[in-house]
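Q: I'm new to reading structures like this one. Please pick a single part and take me through it closely, explaining the terms as you go.

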Amino acid sequence: MIIALNHKSNFTKDEILDYLKDYKKLNTNNHKMILIPSACYLSLMPNNIVFGSEDVSSKEMGAYTGEISAEAIKSLGATYTLINHSERNTKMNENLAISKQKLEKAFSSNLIPIICIGDTQEEHKSGIYVDKIKKDMDYLLSDIDKSKDFIIAYEPIFAIGTGLVPQNSDIERVTTMLKEIYQKEILYGGSANEDNIEELQKVKNIDGFLLGGISLKLHSLQKFFNKLQ
Ligand code: PGA
């Protein structure tokens with residue numbers, strides 16, 4: 001399985017250095033790990049770990065004060081980048097059009113995008129969520145060669161950081177649709193943790209997990225791996 005760890009805007013420099021020491025000691029049972037720290041710590045990543053960025057600029061290198069270009073991120077040794085994480089959309093006012101520009105920048109800089117896609121609780125309850133996710137994916141990938149390398153992370157927006165995980169059958173409707181259309185690796189994200197991983201890994205068409213909260217606590221992460229098949 002692929003286990004991607006999204007640190008979000010957490011950790012001071014000393015804290016991430018301590019984390020990295022213990023990270024090496026995790027017994028991950030040969031699952032494929034992707035560490036995704038805050039951008040300011042990308043240059044601290046040792047070269048024996050696989051890592052990615054939480055975001056990239058939608059702009060090329062140049063006069064864009066405060067932006068971090070995909071080219072710069074790639075030059076630090078990152079392999080992956082998250083694209084369209086719902087916190088960029090709901091908390092930083094970015095829309096799908098901006099995410100699409102970022103996706104194109106990731107591809108042109110040879111970063112492998114982990115495309116996050118999700119539904120609101122209202123969309124979920126009304127049953128339109130599978131179609132809505134398909135529509136958003138169609139938009140993001142329009143005019144893009146689908147044979148390019150990318151990963152998809154299904155993250156119900158209401159599940160992120162809330163403990164509100166949808167039923168396995170609901171998750172499976174989305175992961176199966178995504179797998180049939182794109183034939184890529186599909187992750188689930190949204191309150192996945194050491195307590196629900198035994199249940200969540202029964203979902204079909206899941207190739208891994210995108211972990212937020214639990215990714216900060218290595219002792220919980222070790223428990224998660226102990227239960228992961
Ligand atoms: P969570 O976050 O595991 O804390 O719900 C997941 C994510 O935002 O990718």
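A: Let's start with a term: a polar contact is a pair of N or O atoms within 3.5 Å; within protein, one must be able to donate a hydrogen and the other to accept it, and residues adjacent in sequence count only if both atoms are side-chain atoms. The model is predicted, so local features need pLDDT of at least 70 and side-chain atom pairs count only at pLDDT 80 or more, while totals for chains, interfaces and linings use all residues. Residues are numbered from 1 along each chain as its sequence is written, and side-chain values use heavy atoms, leaving out hydrogens and water.

Our part is the ligand site. Around the ligand sit 13 residues (each with a heavy atom within 4 Å of it), and the closest are Lys8, His85, Glu155, Gly161 and Ser191. His85 brings a polar side-chain atom to 2.7 Å from a ligand oxygen atom. With Ser191, a polar backbone atom is 2.7 Å from an oxygen atom of the ligand. Gly213 also uses its backbone: an N or O atom there lies 2.8 Å from a ligand oxygen. Taken alone, the ligand exposes 280 Å², and the protein buries 95% of that; such areas come from the Shrake-Rupley method with a 1.4 Å probe, and for residues only the protein chains shown count as cover.

For a wider view, look at the open sheet of eight strands, ordered β2-β1-β8-β7-β6-β5-β4-β3 with parallel pairing. Strands are DSSP runs of E, at least two residues, numbered from the N terminus, and two of them pair if DSSP finds at least two bridges between them. β2 (32-36) and β3 (52-53) are the edge strands, each pairing on one side only.

Key:
Helix = DSSP H or I, 4+ residues; strand = E, 2+ residues; numbered from the N terminus.
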